[in-house]
Amino acid sequence: MDFRFTPEQELYRQSIRQWLETNLWPRARGIDEAEDGIPTDITEGMASMGMFGTTIPERFGGLDIPDEERMVYAMITIFEIARADMSMSTPVYTLLTIGWAYIINKYGTQQLKELVLPKVAEGKCFCGINTTEPGGGSDLANITTIAPPEGDYYVFSGEKAYISGPKECAKWGYPSGHCTLAKTDPNAGYKGMSFIYVPRDTEGITDHVYKDMGRMGLSTGGFIYKGAKVPKWCLLGEEGKGFYVNMDGFNAARIIVAAACLGGAEKSLELSRDYCKQRVLFGKPISKAERISFEMADDWMQLDMLKLNLTRAAWMYGYNDVNPGTFSRAELNKVVSTCKCLSPTLGHDIARHGMIYHGGFGYTKDTPLEMMLRGVMSYEVGAEGGLNIMRGIICRDEFGDEYNPFKD
């Protein structure tokens, strides 16, 4: 049993860390404060390093790596990006695009894959997830957006809310869009749902943008569909099986969401470590104060355990794709949900602790810790699954239906 990255994975990690520290780290504050998003030269540079190609086969412009290792490479990528942009803007932009590109490659038609995946690998296409509606995001079985089939199309009507990427879709244009959950058979409940890739430029779609408290380099907004016709070759998986495809996609997304939270957490802890050695109070560095050093030790222990569990989750997911049935859905769900539940809170806590160690300086924008605090909050409040939803999944899959909060 070997818990180390392979030599190839380690070489990739080191190369992108060097590039990101040189090119992204000095510009992260500007990305957080700018209204025009992540600069194109940054995404072009990331693409040239292969960061957008980790989840895409080589024949579509992605990296030449074993398929069972793609999720591990994606995890490494997002972890390192989050260390360099603690606002979470660039890591979230990237994790959405490569995570849902993974699902397009896994479930999409050949026509859809040929259209979208090469553009993603080039860093010139945004892919997102589109399930949340104004009434809430966790109760997917009761969404109201419909897309009944008509001829060669699905015709969308309804509304989605709190969705990442409307501005990014406009920036890159067609075929940028979102993997969207809708009812193709409105009378069949969750068994009538389908998962469909919807290009933003489709006629009949309008969007609007919210003002978030964090992650300002990535837009968040909503979409309204009024008779928007999407070709049937944009279907992901089978018609009527969209709920299950969506859930599989969430497991992939939650792995790299956790990677973003832990990458930012690791960098936050490093910043605190370095500052506490320098800050002198009452004649000695505050690193000598056990209240601080022991709290940092506790944070490090939690971080180290979660990093190991996250590596396990990424390996399990990729290995299961290549060797179906090795792990049950419940086995995978529990490991992934553990990472998604605990990582955002740990990231928040480590950033908050560091701000307190920094004293008044920690409450200024001269330290990136406040960017991390604001950015990671998006994953505490519910993006890619609320924390209590993760606990509910673990209760269901570990303890059985007697503890299943999703079942009457």
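This passage describes strands, cysteines, aromatic rings, backbone geometry and a surface patch in a predicted model.

Four strands form an open sheet. Their order is 2-3-7-6, and the pairing is antiparallel. Strand 2 (149-150) and strand 6 (205-209) are the edge strands. Each of these two pairs on one side only. Strand 3 spans residues 153-164, and strand 7 spans residues 220-231. Ten bridges join strand 3 to strand 7, and the two run antiparallel. One residue pair illustrates the register: S164 has T220 of strand 7 as its bridge partner.

A parallel pairing links strand 1 to strand 4 (residues 177-183). Four bridges make this connection. C127 stands opposite G177 of strand 4. Strand 1 covers residues 127-130. C127 and I129 point one way from strand 1, whereas G128 and N130 point the other way. All of these residues are buried.

The cysteines were examined next. The structure holds zero disulfides. C179 is in no disulfide, and the nearest cysteine sulfur belongs to C127, 6.3 Å away. This separation does not meet the criterion, because a disulfide requires sulfur atoms within 2.5 Å. C179 counts as buried, with 0% relative accessibility. C234 is likewise in no disulfide. For C234, the nearest cysteine sulfur is that of C179, at 10 Å. C234 is buried too, and its relative accessible area is 0%.

Aromatic contacts were then counted. The count comes to 15 aromatic pairs. One of them joins F243 and Y244. Their ring centres lie 5.9 Å apart and their planes meet at 85°, so the pair is edge-to-face. Y244 has a relative accessible area of 34% and is therefore partly exposed. F52, Y93 and F126 form one aromatic cluster.

Several loops carry notable backbone geometry. A cis peptide bond joins Y174 and P175, with omega at about 10°. P175 lies in the loop between helix 7 (166-172) and strand 4. R215 is not a glycine, yet its phi is positive, near 55°. The loop between strand 6 and strand 7 holds R215. At 6% relative accessibility, R215 counts as buried, because the limit for that class is under 20%. E384 also has a positive phi, of about 60°, although it is not a glycine. E384 is found in the loop between helix 11 (369-381) and helix 12 (387-399). With a relative accessible area of 10%, E384 is buried.

At the surface, M1, F3 and L308 make a nonpolar patch of about 440 Å². L308 belongs to helix 9, which covers residues 290-322. The relative accessibility of L308 is 45%, so L308 counts as partly exposed.

Strand 4 connects two of these topics. Strand 4 runs parallel to strand 1, and the loop with P175 lies between helix 7 and strand 4. Strand 7 also recurs. Strand 7 is bridged to strand 3, and the loop with R215 lies between strand 6 and strand 7.

Methods: Residues are numbered from 1 along each chain as its sequence is written. This is a predicted model: local features need pLDDT of at least 70, side-chain atom pairs count only at pLDDT 80 or more; totals for chains, interfaces and linings use all residues. Side-chain values use heavy atoms; hydrogens and water are left out. Two strands pair if DSSP finds at least two bridges between them. Patches are made of residues with over 30% relative accessible area and no salt bridge: like charges are joined within 9 Å, nonpolar side chains (Val, Leu, Ile, Met, Phe, Trp, Tyr) within 5 Å. Accessible areas come from the Shrake-Rupley method with a 1.4 Å probe; for residues, only the protein chains shown count as cover. A salt bridge is a side-chain nitrogen of Lys or Arg within 4 Å of a carboxyl oxygen of Asp or Glu. Buried means under 20% relative accessible area, exposed over 50%, partly exposed in between (1.4 Å probe, protein chains only). Rings of Phe, Tyr and Trp (its six-membered ring) pair if their centres lie within 6.5 Å; planes under 30 degrees apart count as stacked, over 60 as edge-to-face and the rest as tilted.
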